[in-house]
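Hi there,

Here is the structure I promised to pass on to you. Please have a look at it first, and then read on for what turned up in it.

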Amino acid sequence: MKKELVKFKYWKKLKGHYKKMRSVQMRDLFDTDEKRADKFTVQTDFMYCDFSKNRINGKTMKYLLRLAEECKLHEAIEAMFCGQRINTTENRPVLHTALRNRGNSPVYVDGKNVMPQINEVLAKMRDFSEAVRFGKFKGYTGKKLTNIVNIGIGGSDLGPVMATEALRKYWAKDINCYFISNIDGTACAEVLNKINPETTLFIVASKTFTTIETLTNAKTCRKWLVDALGEHAVAKHFVALSTNTEEVKKFGINPDNMFEFWDFVGGRYSMWSAIGLSIAIAVGMDNFEKMLDGAYAMDRHFRETDFEHNIPVILAMLGIWYNNFFNLKSYAVVPYDEYLRYVPAYLQQLDMESNGKYISKDNKQVHYMTGPVLFGGAGTNVQHSFFQLIHQGTTVVPCDFIIPAISHNEIGEHHEILVANVLAQGEALMRGKTTKEVTEELAKLGKSKDEVAILKKFKTFDGNRPSNTIVFKKIDPYSLGALIAMYEHKVFVQGIIWNINSFDQMGVELGKQLAKNILPELQGNAQGVAHDGSTNNLIRYIRRLRK
Ligand code: F6P
């Protein structure tokens with residue numbers, strides 16, 4: 001059994017070190033060390049990560065990285081890449097990295113190299129996506145399939161939604177992508193109202209092929225298609241992405257129209273697998289493979305770079321620093337790129353479903369905080385919503401800012417203003433504005449002494465609020481792959497430090513189970529499963545309103 005994290009040597013050292021660091025001002029650290037930005041920036045050939053605007057010094061990083069070593073992070077990284085069964089509660093290896101193992105070196109699970117089967121599915125995805133894009137695989141009535149509808153939820157939805165949107169500039173001109181995830185019939189109806197059955201390809205994406213939302217949505221879409229074109233049309237308009245051939249058959253999709261993936265791919269880590277078929281059709285398989293290349297570059301960086309220069313390790317350990325020592329419970333990701341606007345939603349599942357856990361791998365309740373609450377949105381929009389709290393709220397929210405140097409749409413001055421804003425936010429959060437500075441500024445503006453006295457505190461910014469700035473040349477398939485893999489590895493590292501299994505999701509089961517009990521009661525077909533008074537009242541009240 002592993003020693004408890006709080007008893008580790010470097011955890012204790014960090015506790016002591018925190019007492020000294022909590023009052024240190026980043027302003028002063030910058031003023032007294034002109035090399036600070038260089039010291040705390042890592043640059044690779046595809047990414048620039050400036051983490052100098054954090055409440056750290058050299059000692060902080062040394063202790064954090066030593067803690068990572070003490071937690072045997074090196075060994076854990078190798079165990080993941082080598083296919084050991086690190087998803088202990090489900091007894092599975094965790095091999096999303098094999099899906100983008102572009103070097104094609106063998107990866108073994110139970111003595112069998114999984115690369116041939118991965119390559120086979122990639123080849124099948126290429127054939128099919130090209131056949132759809134070039135109009136060789138046509139609909140039942142001979143028309144080109146131009147509406148691609150991905151039906152899935154969670155990891156079978158968020159990756160495709162996020163990546164297709166991020167790569168919108170790469171879409172084939174005549175192809176449109178739609179996504180149906182929510183069980184709310186509105187989600188289905190809104191899409192079906194916009195499309196023509198003759199030109200629509202439904203992609204039913206579900207690892208288990210038992211998820212009620214996906215199966216219900218898929219059944220509704222199947223009926224809609226069959227009503228319009230007849231039962232025989234299904235083979236030309238439905239494909240499945242799954243690990244579960246039996247359930248795919250039961251649903252009425254021919255296994256020839258199924259793209260397989262495997263238990264060693266977690267749902268929220270699956271966009272690199274067949275789950276990415278909608279991405280491949282939208283942007284082309286060459287671009288899909290470039291996305292895999294970018295992720296592979298990040299995988300190699302993560303696996304091969306010493307911790308001092310290892311971007312996912314550094315970001316993860318900074319998260320530990322704030323979460324466990326500063327006791328900060330939330331964290332924001334703000335991409336300054338309209339096409340990346342679904343990245344925060346994607347990362348919510350990645351981070352919170354992976355690390356929102358209180359039982360350790362040793363089957364014990366943990367005595368420290370694990371995964372933070374992640375939120376975010378696209379800059380500059382969020383500057384005009386939740387940034388007030390980020391600047392002057394009573395809690396500190398560490399932020400990641402993501403910015404491409406070049407925009408896909410260089411119209412007018414838009415991109416310059418965008419970049420100026422992201423850099424300004426980092427600077428403002430770090431420096432703040434002292435009351436003295438405010439007073440001088442107000443005086444210059446000709447405010448009276450009384451006005452200054454009233455306003456000066458409201459206009460003061462404490463600053464000393466941390467952020468990381470991650471810069472790319474451009475958001476293209478390669479950089480997107482690298483960015484997402486970076487966050488996957490960051491989440492992995494934190495799971496290792498917290499000694500939790502980042503690869504199961506037992507916490508989502510209870511609600512699903514209770515919904516099954518409530519459903520027949522709402523429909524009036526069953527009575528009396530004892531709920532609490534509130535739930536009973538709500539069931540009764542909603543039934544009454546529906547009469
Ligand atoms: O409910 C959580 C979850 O299991 C996610 O982890 C997963 O991404 C999602 O449901 C969808 O599951 P499936 O792909 O099996 O339909």
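Before we get to the ligand, one term: a polar contact here is a pair of N or O atoms within 3.5 Å. Please also keep in mind that this is a predicted model.

**The ligand**

With that cut-off in hand, the contact to start from is at Lys207, where a backbone N or O atom lies 2.7 Å from an oxygen atom of the ligand. Two side chains also come into play. An N or O atom in the side chain of Gln349 is 3.2 Å from an oxygen atom of the ligand, and for the side chain of Lys512 the distance from such an atom to a ligand oxygen is 3.2 Å. Taken alone, the ligand exposes 390 Å², and the protein buries 89% of that area.

How many residues surround the ligand? There are 14 of them, and the closest are Gly155, Ser156, Ser206, Thr208 and Thr211. By class, this shell is made up of 9 polar, 3 charged and 2 nonpolar residues.

**The pockets**

Which space does the ligand take? The ligand sits in the largest pocket, which holds about 1200 Å³ of space. A total of 37 residues line this pocket, and those nearest its centre are Thr211, Glu213, Val508, Glu509 and Lys512. Two of these names have come up already: Thr211 is among the residues closest to the ligand, and the side chain of Lys512 has an N or O atom 3.2 Å from a ligand oxygen.

Three helices are worth colouring when you look at this lining: α10 (212–229), α16 (343–355) and α22 (509–522) each supply at least two of its residues. The helix that gives the most is α22, with 8 residues. Sorted by class, the lining of the largest pocket has 15 polar, 11 charged and 11 nonpolar residues.

The second largest pocket has a volume of about 460 Å³. Its lining consists of 18 residues, with Lys357, Ile359, Asp504, Met506 and Gly507 nearest the centre. Of the residues lining the second largest pocket, 8 are polar, 6 nonpolar and 4 charged.

**The cavities**

On to the enclosed spaces. Rolling a probe the size of a water molecule over the atoms shows where empty space is left. In this model there are 3 cavities of 30 Å³ or more.

The largest cavity has a volume of about 170 Å³. It is lined by 19 residues, and Gly319, Tyr322, Tyr331, Pro398 and Lys490 lie nearest its centre. The elements that give two or more residues to this lining are the helices α15 (311–325) and α21 (477–498), along with the strands β10 (330–335), β12 (399–404) and β13 (467–472). The largest share, 5 residues, comes from α15. By class, the lining of the largest cavity has 9 nonpolar, 7 polar and 3 charged residues.

In the second largest cavity there is about 70 Å³ of space. This cavity is lined by 14 residues, of which Pro93, Val94, Phe264, Val265 and Gly266 lie nearest its centre. The lining of the second largest cavity divides into 7 nonpolar, 4 charged and 3 polar residues.

**Two backbone details**

Finally, two spots to check in the backbone. Most residues other than glycine have a negative phi, and most peptide bonds are trans. Where does the model depart from the trans form? Gly379 and Thr380 are joined by a cis peptide bond, with omega at about 10 degrees. Thr380 belongs to the loop between β11 (373–376) and α17 (387–392).

The other spot is Asn363, which is not a glycine and yet has a positive phi of about 70 degrees. You will find Asn363 in the loop between α16 and β11. As noted above, α16 is also one of the helices that supply at least two residues to the lining of the largest pocket.

Happy browsing, and all the best!

Note on methods
Residues numbered from 1 in each chain as written. Predicted model: local features only at pLDDT ≥ 70, side-chain atom pairs only at ≥ 80, totals over all residues. Heavy atoms only, no water. 1 Å grid on protein atoms, 1.4 Å probe; cavity = no way out; pocket = protein on both sides within 12 Å on 5 of 7 lines; lining within 4 Å. Points joined across faces, edges and corners; volume = space filled by probe spheres on them. Helix = DSSP H or I, 4+ residues; strand = E, 2+ residues; numbered from the N terminus. Nonpolar A, V, L, I, M, F, W, Y, C, P; charged D, E, K, R; others polar. Near = heavy atom within 4 Å. Polar contact = N/O pair within 3.5 Å; in protein donor to acceptor, adjacent residues only side chain to side chain. Areas by Shrake-Rupley, 256 points an atom, 1.4 Å probe, with all protein chains shown as cover. Sits in = over half its atoms within 2 Å of the grid points.
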